[in-house]
Amino acid sequence: MRLVLDAMGGDHAPAAPVEGGVLFARAHPEHQVVLVGDTARVTPHLGRGLPPPNLRVHHASEVVEMDDHASTAFRRKRDSSLRVGFELVRDGHADALVSAGNSGAVMAGGLMTLGRLPGVERPALAALFPALKGGGRCLLLDAGANVDCKPSHLAQFAVLGEAYVRLRMGVSRPRVAVLSNGEEASKGTPLTREASELLRQSDLDFAGYVEGKDLFSGDVQVVVTDGFTGNVVLKTSEGVGMGVIGLLRQAIEKRGGLSEKLGAMLLQPALAGLRKMVDYAEVGGAPLLGLRGVGIVAHGRSSPRAIHNALGAALATAQAGLQEELTRCIARAASWLPAHPRGKKGTEQSVSD
């Protein structure tokens, strides 16, 4: 596999992406990593000695900045690392792209360069959450790519997410739900109620409404919502996960007694496991499901370890052969989804990371 890494994307670029790319290349010598970015800025971060033989730098002179307007910057900066990277995937020179840069620009770039799978109205950003059972993970989409959604968008997100969980997580029949402010059918908004009506007509294992807490229970494996709500849920959950660990550490240090210190030592392996479960760096990145190709959005604050894991997610997604299954599932869903007119615009309003 040939994986493209946007070396200029993210809060800590180019250092963190380049170091993460080198780590991955050394760990996976059978796959190729292409660092796309300004050669003069990328090269100093390759480390001492010769870089791995399966890693190379592809020059791109421009950068889509985190505060750039997503689609405008992608159109105007024709030699940006993000655009050049997507073009490598489009032209068959790479199998997947990873970027920790402007997530709105990654969405816009994927749409303008790779395009949608047949029948897909809008690709969705799919984020994995830790869960107590049901495979140990729950997939939330959209996690930030589409602010304004229609009921048919949420229904398609359910189809895409269900197929992803089956192929990538090995859950034979994932349960699907709509995120709402209560489990009762009378709750929610016009968007969630209409999306639920569509999903009741589907052949998916639809569980109805769930609340935010149910993302972690494992009772459902796929939860759909609009990108604004999904992004707030994602960022809040990240903060809560790390905050709980920090508060626990503070409480132990404040008490400071021998029993507390002994207890902390005994709990250390369990706390390390908990940190691993809630740390976004372990997952690495979230796929944009519905594109004609593999695009992985990594966290803007990604460390080299997070980039390494995002490349791992890109590799696994590319190897899974998702595109054919997603296309098949969307085509089958046409029997219960409303027909949608295809507009001329290629991008949607997005939420930046």
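**Group meeting: a walk through helix α4 and the rest of the chain**

Okay, let's start inside: the buried residues of helix α4 are S81, L82, R83, V84, G85, F86, L88 and V89. Before I go on, keep in mind that this is a predicted model.

So how much of α4 is covered? The helix runs over residues 81-90, and eight of its 10 residues are buried. And what do those buried residues pack against? There are strands on the list, namely β1 (2-6), β2 (32-37), β3 (55-59) and β4 (96-99). There are helices too: α3 (70-76) and α5 (103-113). If you follow the chain past α4, you meet G92, and its phi is positive, near 80°.

Now let's zoom out. How many helices and strands does the protein chain have? The secondary structure comes to 12 helices and 12 strands. The C-alpha trace spans about 65 × 60 × 35 Å along its principal axes. Is that what you'd expect for a compact globule, or not? With 353 residues, such a globule would have a radius of gyration near 20 Å, and this chain has 21 Å, so the two agree.

Burial isn't just an α4 story: of the 353 residues, 53% count as buried. Then look at who touches whom. Take the contacts between residues at least 6 apart in sequence; 73% of them join residues at least 24 apart.

What about the outside? The protein chain exposes about 15600 Å², and carbon and sulfur atoms supply 55% of that. For charges, I get 39 positive and 36 negative side chains, and the centres of the two sets lie 1 Å apart.

Last topic: cysteines. Quick reminder, a disulfide is a covalent bond between the sulfur atoms of two cysteines. How many disulfides does the structure hold? Zero. Let me take two cysteines and show you why they stay unpaired. For C138, the closest cysteine sulfur is in C149, 17 Å away, and that's too far for a bond, because the cut-off is 2.5 Å. For C329, the closest cysteine sulfur is the one in C138, 18 Å away, so that is too far as well.

And are these two buried or exposed? C138 has 0% relative accessibility, so it counts as buried. C329 is buried too, with a relative accessible area of 3%. The cut-off behind both calls is under 20%.

That's my tour, thanks for listening!

Key
Residues numbered from 1 in each chain as written. Predicted model: local features only at pLDDT ≥ 70, side-chain atom pairs only at ≥ 80, totals over all residues. Heavy atoms only, no water. Helix = DSSP H or I, 4+ residues; strand = E, 2+ residues; numbered from the N terminus. Rg over C-alpha atoms; globule rule 2.2 N^0.38 Å. Buried < 20%, exposed > 50% of the residue type's maximum accessible area, 1.4 Å probe, protein only. Contact = heavy atoms within 4.5 Å. Areas by Shrake-Rupley, 256 points an atom, 1.4 Å probe, with all protein chains shown as cover. Lys, Arg positive; Asp, Glu negative; His and termini not counted. Charge placed at Lys NZ, Arg CZ, Asp CG, Glu CD.
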